[in-house]
Structures are given as structure tokens and as C-alpha cells.
Amino acid sequence: MLSKRVDLHVHTSESDSSVSPRGVVKLAKEAGLSAIAITDHDTILGFEEAADAGMEFGVEVIPGIEFSTRYNGMVHILGYCIDTTNAELLQALDDIIKDRDTRNKKIVDQMRADGIDISYDEMMDRFGLVIGRPHFAQILVENGMAESVKDAFNRLVGKNMRYWAPRTTVPIERCIELILNAGGVPFIAHPFEYGYDKEKLVTLVHHCLSHGAKGIEVRHPSHTKQQMEHLERLISESPYDVLMSGGSDFHGDVKPNNLLGIPEVPYEWLEKIKAASKNY
Ligand code: AMP
Ligand code: ZN
Ligand code: FE
Ligand code: FE
């Protein structure tokens, strides 16, 4: 019998994926996955619908989140098995949305000044509460001003570019604390995606672990096979109790190369994460 597999990094349309929470659970069933973690950027709003669909399709759905945190620029922190009713967490997420709104309205004003016919209300109707630069990139593609989302990031919505404005990001230590306080299990997301050299990577890992992070996302489509094998070996041989996770970073059509369930992740990794959570 095939061993049980999971995908612990999945986005929904509540952040910047093209697929609804129910839709992604259905896809997980079709892909033969036993469990998925919903890890939307800075929101837990997709969990309830996904959990209902999990009952419907017989897929275990883990409540998670992916914070965009402030650390030498931007580092992502994943939180698994969080209590999605935790008041402190919900307040912090509300503050992040308000700050995004302020930033996003500046970007809309700049686009309108350049003759692009959009309104923020329309964007919220279409994209939901958590609106980010990937959505602006999509609008630029639809208006023929960029060839692709990537092209939009390279020329128009990247840092300091024409359709960019700063937002206040939450410090990495605070995001780890919020996840812990919600009974969850904090992980460093895709460590090889930040372009760090070995020394900076080691510093990041030590910093996060010393502030309460419990694991590292080892398997991710942005990691090479060599990087994944090397990191897995380092963690297995280390005297510390560092957990491992992995997933596809599925975004539907927004990142068409990220396929649900790839790279493969064994169910045993999720069992260890659940054991480290206060909510299971
Ligand atoms: P925001 O948090 O709204 O400023 O948007 C940042 C998000 O944009 C990141 O979390 C990424 O998911 C996405 N992003 C950043 N750079 C790129 C890129 N070059 N191509 C596609 N998406 C990107
Ligand atoms: Zn995303
Ligand atoms: Fe990420
Ligand atoms: Fe992600």
C-alpha cells in the first residue's frame, strides 16, 4: 500500500490563489493526499470553508498561516495547527489588513492617475479582504501593461517602483510569538528562497529557533533536490529537536508550476507537528 502523503503549504483565494478553499480540498482528494495545511498569507479566513470541505471529501485539513515578517527584508514564517479563534491572533491579523488597505489605496490612486480604470471596492469584491501586490500585478497584466505577473514585479510593482508603496511588516519574533500563543507550531518557510549565503542562513535559523520556532520547511518547489537532501541530513543528524515540513506552495493559476502534492511529504512529518501543538 502507498504511504500517506500530505501537502503542508497551500494557498486559497482568501489570499492570492485562484482556487477557492473548497476547490483546493477537492483537488487534494483527487491528488490522493491524506491531509493539507491551509497556509494563506496573513489570513485564516479560508480555513472554515476548507475544513467543511475536508469533511465532505475525507481530507484532513490543518489550520495554518504564512506570515510575511520583517527580518533583514522579508522572511516568511509558517504556523501550523493554530487555534483560529485566538483573540490575540485575530486582532493582529486585523491590524495587518488595515495597514494593507492604507498601502493599497495609495497604489490604486497612482494607477488611476495613470488612467487605469480600477477601484479598491471592485478589487475587494473580486479578491477578498487580503489584497497584495500579486493582485495589482494581475490587474496590470489584464490591462496590457505587463506581460506576466513576473514582468509586473520586475518593472512595476517591485520595491520602489511606480506601483509600489511601503507597508508596515510585523517583526519575525512577534509572528513566532503570535503562533505560539495560538497554540500553533512556527516554522521557517522555504529558507533557500531568500538568496542568503550559508552564514546568513545559519544566523536566521538560530534566531528563529531561539525565539521559539520549532521547525524548518525543508521541501519546497523553490529548493533544489540537493538543497533538500542536504538540509534533511543536517536536521536528522543535529542534536536539536528540529521538525521538518514541506509542501507545494500551491497558488492555482497564479503559480501554475506549483502542483499540489509536489514535492512529496510523508504523513509522519505532520504527526510530529501535531504532537508539538497545544491544539491536538
Ligand atoms: P505584498 O505583501 O502585498 O507586498 O506582496 C508580496 C507578495 O508578492 C509576496 O508574498 C509574494 O507572494 C509575491 N511576490 C513577490 N515577488 C514576486 C515576484 N517576483 N513574482 C511573483 N510574485 C511575487
Ligand atoms: Zn502567495
Ligand atoms: Fe512564502
Ligand atoms: Fe506560500
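How many cavities of 30 Å³ or more does a search of the whole structure find? In this predicted model, the search finds 1 such cavity. The space within the largest cavity amounts to about 30 Å³. Its lining is formed by Ile38, Thr39, Asp40, Thr43, Ile44, Leu45, Gly46, Phe47, Pro63 and Gly64. By residue class, this lining comprises 5 nonpolar, 4 polar and 1 charged.

Attention may now turn to the metal ions. The iron ion (ligand 3) takes its protein donors from Glu66 (OE), His76 (ND1) and His190 (NE2), which lie 2.0 to 2.2 Å from the ion. Along the chain, these donors follow the spacing E-x9-H-x113-H. The two histidines link distant parts of the chain, being 114 residues apart: His76 belongs to strand 4 (residues 74-80), whereas His190 lies in the loop between strand 6 (185-188) and helix 8 (198-210). Both His76 and His190 are buried. Glu66 also coordinates the iron ion (ligand 4), and a distance of 3.4 Å separates ligand 4 from the iron ion (ligand 3).

His76, a donor to the iron ion (ligand 3), is also one of the residues around ligand 1. The others in that set are His41, Arg100, Arg103, Gly132, Arg133, Pro134, Val149, Phe153 and Arg167. Several arginine side chains place polar atoms by oxygen atoms of ligand 1: for Arg133 the distance is 2.7 Å, for Arg100 the separation between an N or O atom of the side chain and the ligand oxygen is 2.9 Å, and for Arg167 the corresponding value is 3.0 Å.

Terms used. Residues numbered from 1 in each chain as written. Chains lettered and ligands numbered in written order. Predicted model: local features only at pLDDT ≥ 70, side-chain atom pairs only at ≥ 80, totals over all residues. Heavy atoms only, no water. 1 Å grid on protein atoms, 1.4 Å probe; cavity = no way out; pocket = protein on both sides within 12 Å on 5 of 7 lines; lining within 4 Å. Points joined across faces, edges and corners; volume = space filled by probe spheres on them. Nonpolar A, V, L, I, M, F, W, Y, C, P; charged D, E, K, R; others polar. Donors = N, O, S within 2.8 Å, 3.2 Å for Na, K, Ca; no water. Helix = DSSP H or I, 4+ residues; strand = E, 2+ residues; numbered from the N terminus. Buried < 20%, exposed > 50% of the residue type's maximum accessible area, 1.4 Å probe, protein only. Near = heavy atom within 4 Å. Polar contact = N/O pair within 3.5 Å; in protein donor to acceptor, adjacent residues only side chain to side chain.
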